[in-house]
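Welcome, and thanks for taking a look at this one with us. Have the sequence and the model side by side, and we will walk through the main points together.

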Amino acid sequence: MPLQGDHQQCLEFIYRRWSRTTDGTGYSFAIADSTTHRAVGQIGLWFRDARHGRASIGYWVGPEHRRQGIAACALNTLADWALGYPGIHRVELYVEPWNEGSWRVAERCGFQREGLLRGWELIGNEPKNLYMYSRIAQRAQD
């Protein structure tokens with residue numbers, strides 16, 4: 001997500017997300033306020049590990065729209081859809097440990113924390129620790 005940026009940088013962020021649909025690597029959606037229909041965030045489903053039955057979700061909501069259930073509604077909707085997607089039985093999330101709001105949303109939506117991945121991903125050219133969360137399709141738990 002572009003934390004800051006000019007109009008062109010924000011457009012480039014959007015176009016990168018759109019390209020994932022055309023190249024088959026995922027889907028990106030705007031999260032819209034149901035009353036104003038204005039975009040208040042973004043959520044995406046990525047298929048990097050689909051050959052193993054896994055997909056991942058990432059999301060964000062603008063600060064002024066947090067703590068209203070918007071992220072949870074979007075996450076539940078996309079996770080349900082993803083777990084019904086052909087070949088996908090597991091959906092994963094990766095959350096920075098300091099981002100309590102995000103991991104609380106994940107837990108509210110039935111994701112379980114599996115552990116801390118040390119130095120898992122470069123964020124701003126620095127390896128960051130991330131919590132891994134997952135939600136498993138019911139058919140895979142039986």
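How many salt bridges does the count come to? The count comes to seven salt bridges. Please keep in mind that this is a predicted model. With that said, here is a tour of the sheet, the helices that lie across it and a few individual residues.

**The sheet**

- Six strands make up an open sheet, and their order is β1-β2-β3-β4-β6-β5, with mixed pairing. The edges are formed by β1 and β5, each of which pairs on one side only. From one strand to the next, the twist averages 30°.
- Strands β1 (residues 26–32) and β2 (residues 39–46) run antiparallel and are joined by seven bridges. Within this pair, Ile-31 has Gly-41 of β2 as its bridge partner.
- The hairpin of β1 and β2 has six residues between the strands, and there His-37 takes a positive phi near 65°.
- Further along the sheet, β4 (residues 90–95) and β6 (residues 126–136) are also an antiparallel pair, joined by six bridges. Here Val-91 stands opposite Arg-135 of β6.

**Helices across the sheet**

- Helix α2 (residues 70–83) lies across five strands that you can pick out by name: β1, β2, β3 (54–61), β4 and β6. Its direction is at about 25° to β2.
- Helix α3 lies across β3, β4, β5 and β6, and it runs at about 15° to β6.
- Ser-102 is a handy residue to look at in α3, which spans residues 100–108. Is Ser-102 buried or exposed? Ser-102 is buried, because its relative accessible area of 12% falls under the 20% cut-off.
- Leaving aside neighbours within four places in sequence, the contacts of Ser-102 are Tyr-59 and Val-95. Tyr-59 falls within the residue range of β3 (54–61), and Val-95 is the last residue in the range of β4 (residues 90–95).

**Salt bridges**

- Arg-54, Arg-90, Glu-92 and Glu-114 are linked in a salt-bridge network. One of its links joins the side chains of Glu-92 and Arg-90, at 2.6 Å from N to O. Both of these residues are buried.
- Arg-113 and Glu-107 form another salt bridge, with 3.7 Å between the closest N and O atoms. Arg-113 is partly exposed, at a relative accessible area of 35%, and Glu-107 is partly exposed too, at 36%.
- The side chains of Glu-126 and Lys-128 also meet in a salt bridge, at 3.9 Å from N to O. Glu-126 has a relative accessible area of 44% and so counts as partly exposed. Lys-128 counts as partly exposed as well, at 25%.

**Around Gly-119**

- Gly-119 sits in strand β5 (residues 112–123). With a relative accessible area of 39%, Gly-119 is partly exposed.
- Which residues does Gly-119 contact, leaving aside its neighbours within four places in sequence? They are Pro-127, Lys-128 and Asn-129. Lys-128 is the residue that shares a salt bridge with Glu-126.
- Gly-119 and Leu-130 are 11 residues apart in sequence, while their C-alpha atoms are 7.5 Å apart in space.

Definitions and conventions:
Residues are numbered from 1 along each chain as its sequence is written. This is a predicted model: local features need pLDDT of at least 70, side-chain atom pairs count only at pLDDT 80 or more; totals for chains, interfaces and linings use all residues. Side-chain values use heavy atoms; hydrogens and water are left out. Helices (H or I, at least four residues) and strands (E, at least two) are DSSP runs, numbered from the N terminus. Buried means under 20% relative accessible area, exposed over 50%, partly exposed in between (1.4 Å probe, protein chains only). Contact means heavy atoms within 4.5 Å. A salt bridge is a side-chain nitrogen of Lys or Arg within 4 Å of a carboxyl oxygen of Asp or Glu. Two strands pair if DSSP finds at least two bridges between them. Axes are lines fitted to C-alpha atoms, for helices over the stretch in contact, and angles run from 0 to 180 degrees between N-to-C directions.
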